[in-house]
Every structure is written in structure tokens, then in C-alpha cells.
Amino acid sequence: MTRSGVQRLYARAGGRWWDLFRSVWEPTTARAAVRDLCSLLAEYLTEHSRILDLGCGPGTNLGRILDRTLPFNRYVGMDFSPSMLALAEKKFGDVKNVSFLEVDAMALRDDGDRYDLIVSTWLLDHLDEAAEVVNNARRLLAPGGHLVMLYYGYPRWYVAFWQIPSGWLLRAAPVSNEEVSRFQGVLTKRRYRAGAVVLVDIEAPAP
């Protein structure tokens, strides 16, 4: 699907359908992966942490952080969907040290800011060149920082069937193994649901 097509998808009903859909779909398909994601958030976040959330949507990851009262210094959520950002602002706009920006991850620029944690969930599935986005984002990590990403992978054949309807609904496609092989700085890569869901933890470049 084209980038404009994805944008139109998330604009439907002002994007309000996403949280309802996620509340059903995510526990069914990615419960263990989300649990491990939250464990990494708890492990890496401190009161000094600067967070960048790529493809933040309506602020789902910020909600996870706040629900668990995890510490942080500053949170920046970026998304290219005005509808999703409007929902995020409505829910979290009053939270201290939180901001949201309309930015396309494919056009991510280095403005000198560095982050201790960059997190992204269900973004790479919408991109043709996921490795480019991952490696560009990695350059924005502060020394010792981590880039944590959750995305659709290519599952084993006997579970591939369930990915078809959700992939069609979300206009998403698994990230190819070729793209994943180009990710730089991978510390760990965990697979769930026979490879259908993948959680990657990437370290910052050497100083």
C-alpha cells in the first residue's frame, strides 16, 4: 500500500478505531511480545531517559509507560498521521515533558537531538525499506541507548494463514528477511507465534 493509502486508513473515523482493534488483535497475536517489550521498557528507562517513539499512533507506548509508572525525562512521539496525533494529543497532551510531532519516519532527519530509548511498534510493516529507517533511527541514539522495535515477521507456513486478514485490514506486510539482515547493531531478536511477530533490541553505535 502507498504511504498516502496508509495515511487514509488511519484517518478513518478520526483514527478512533485503532485502539478498539488493537485491544482485540494484540492480545490474541502478540501478548508475549508486548509483555517482553514492556520488560525492556522497564529495564532501560530511568528518570534521565529521553524517549523517541517512531510511528507513535495514538500514544500506545506512552500509555504503557505511564500505566507502569516508569520514569523518564522527556518523550517525543512522531507519526505521519494527523488523525493519530490528534488522538495522542487528546489523551496525553497535558502530561509533563511530552510532545508530539508530525514526521514521516522515512524522512527522519538528524537535528542533533539524541535519545536513550527509541521505540517503535507496528511501523516497519508499512515500510518498503525498513532497514533504512532502522539504521537512520539508530544514529539518533545516545551512547548506551537502545532501539526497540516490534513488527510483523515472516511466519512458518502452518501459521501464515492467520496473518492474511490482519495484514489486509492494517495494510501491513511482513518485514522481509533481507531487510532484517541489514539491521545494524542487533543485540537480540525474539520471535513469537512461529515467527509471525518479532521483537528486536538494537544497541547504539560505538562512540
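The predictor's confidence in each residue is given by pLDDT, a score that runs from 0 to 100. This is a predicted model, and its mean pLDDT comes out at 85, with 80% of the residues reaching 70 or more. That confidence isn't spread evenly: strand 1 (residues 50-54) has the highest mean pLDDT of the elements, 98, while helix 7 (residues 163-170) has the lowest, at 47.

Next up is a pair of helices. Two packed helices are described by the angle between their axes and the distance between the axes. For helix 3 (residues 31-44) and helix 4 (residues 60-67), the axes come within 11 Å and cross at roughly 65°. The crossing of helix 3 with helix 4 is right-handed. On the helix 3 side, Val-34, Leu-37, Cys-38 and Leu-41 make the contact, and helix 4 brings in Asn-61, Arg-64 and Ile-65. Sorted by type, the residues of this contact are 5 nonpolar, 1 polar and 1 charged.

Then there's Ser-120, which sits in strand 4 (residues 115-121). Is Ser-120 buried or exposed? Its relative accessibility is 2%, so Ser-120 counts as buried, the cut-off for buried being under 20%. As for its company, setting aside neighbours within four places in sequence, Ser-120 is in contact with Asp-53, Leu-54, Val-148, Met-149 and Leu-150. Take Val-148: it lies 28 residues from Ser-120 in sequence, yet the two are 6.5 Å apart in space, C-alpha to C-alpha. With Leu-54, the link involves the side chain of Ser-120, which reaches the backbone oxygen of Leu-54 at 3.0 Å.

Terms used: Residues numbered from 1 in each chain as written. Heavy atoms only, no water. Axes fitted to C-alpha atoms, helices over the stretch in contact; angles between N-to-C directions. Helix = DSSP H or I, 4+ residues; strand = E, 2+ residues; numbered from the N terminus. Left-handed = near helix turned anticlockwise from the far one by under 90°. Contact = heavy atoms within 4.5 Å. Nonpolar A, V, L, I, M, F, W, Y, C, P; charged D, E, K, R; others polar. Buried < 20%, exposed > 50% of the residue type's maximum accessible area, 1.4 Å probe, protein only. Polar contact = N/O pair within 3.5 Å; in protein donor to acceptor, adjacent residues only side chain to side chain.
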